[in-house]
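Trainee: Got a minute to go through this one with me? I'd like to start at the ligand.

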Amino acid sequence: MPPAEHPEFVGLIEALRAAQETITGARPPEDVARKARENLEEITRLLSPFTVGESEQLTGQMRGLPGRAQALAPAFHVDVEGNDRVSGRVVFGRFYLGGNGAAHGGSLPLLFDEVLGRLANTGGRSPSRTAYLHVNYRKITPVGPELRVEAHFDREEGRKRYLVGTIRDPEGEITADAEGLFVALRPGQP
Ligand SMILES: CCCCCCCCCC(=O)SCCNC(=O)CCNC(=O)[C@H](O)C(C)(C)COP(=O)(O)OP(=O)(O)OC[C@H]1O[C@@H](n2cnc3c(N)ncnc32)[C@H](O)[C@@H]1OP(=O)(O)O
């Protein structure tokens, strides 16, 4: 369900995701490719006058929305969220294809950073940033099916927050797991 605010912008991001998917999987004739490019250029012309600073932009700010209205990472759909753990679902679409049906290796840290980073900063905790992210690729992460994602706090030591997470395929097998260290920022730290 779209949020009460900016429903048309949310729809725009959904259309952008759909375009990313379709363009990635397409092999169009040259005249169709040219027409599609012209349409994209028209979108850029339409939106350019409304460019704003980071604090005013909408993308990435909509925490209650899967993907936070940001098309960079695959949308993470939260099912259960607590102070110390979160679980949900994700689909790596064609846009995230690496090869032979497997999600691109770089797209997995992207998803883990999103899921672990989100959890690291919940429960009234102060903002933190990723210090490291260790990802183990256990088997291919398939493009297409819905995958289970789980993450939880392993431990907290002062400013250091250690979190772990897994991605499971439809058979329940772990395709990748990750451990991340998130360090709470000191006052004034960017
Ligand atoms: C709606 C919200 C949803 C959000 C979801 C997305 C979240 C995305 C989060 C991110 O991706 S943030 C962007 C990627 N990360 C960065 O750009 C961070 C760049 N690095 C830094 O800013 C600093 O290096 C950092 C804040 C991580 C740490 O620097 P500090 O100067 O604050 O920490 P310091 O060096 O004093 O280290 C503090 C402790 O952490 C430890 N530490 C820091 N970096 C480490 C490291 N890489 N490996 C191991 N330990 C590390 C360090 O040893 C020390 O341990 P001890 O307290 O026990 O002495």
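**Ligand shell, sheet and a helix**

Trainee: How do the residues of the shell around the ligand divide into nonpolar, polar and charged?

Mentor: There are 5 nonpolar, 5 polar and 8 charged. Keep in mind that this is a predicted model.

Trainee: Which residues come nearest to the ligand?

Mentor: Gly117, Arg129, Thr130, Ala131 and Val183, out of 18 around the ligand. Helix H3 (107-120), strand E5 (128-137) and strand E8 (174-184) each give two or more residues to that shell.

Trainee: What is the strand order in the open sheet?

Mentor: E1-E2-E6-E7-E8-E5, so 6 strands with antiparallel pairing. Strand E1 (76-81) and E5 are the edge strands, and each pairs on one side only. On average, neighbouring strands are turned by 20° against each other, direction ignored.

Trainee: How many bridges join E6 to E7?

Mentor: 9 bridges, between residues 146-157 of E6 and residues 160-168 of E7. The two strands run antiparallel. Glu157 stands opposite Lys160 in E7.

Trainee: Switching to H2. How many of its residues are buried?

Mentor: The count is 0 among 18 residues, so H2 is hardly covered.

Trainee: And what should helix H2 span?

Mentor: Helix H2 covers residues 30-47, and at 1.5 Å a residue it should span 26 Å. Its end C-alpha atoms are 26 Å apart, so the two values agree.

Trainee: Last thing. What is the mean pLDDT of the protein?

Mentor: The mean is 96, and 98% of residues reach 70 or more. For the complex, the predictor gives an ipTM of 0.96 and a pTM of 0.95.

Technical notes
Residues are numbered from 1 along each chain as its sequence is written. This is a predicted model: local features need pLDDT of at least 70, side-chain atom pairs count only at pLDDT 80 or more; totals for chains, interfaces and linings use all residues. A residue is near a molecule or strand if its C-beta atom, placed from the backbone, lies within 6 Å of it. Helices (H or I, at least four residues) and strands (E, at least two) are DSSP runs, numbered from the N terminus. Ala, Val, Leu, Ile, Met, Phe, Trp, Tyr, Cys and Pro count as nonpolar, Asp, Glu, Lys and Arg as charged, and the others, Gly among them, as polar. The expected span of a helix is 1.5 Å times one less than its number of residues. A residue is buried if 20 or more other C-beta atoms lie within 10 Å of its own, exposed if 12 or fewer, and partly exposed in between; C-beta atoms are placed from the backbone. pLDDT is the predictor's confidence in each residue, from 0 to 100. Two strands pair if DSSP finds at least two bridges between them. Axes are lines fitted to C-alpha atoms, for helices over the stretch in contact, and angles run from 0 to 180 degrees between N-to-C directions.
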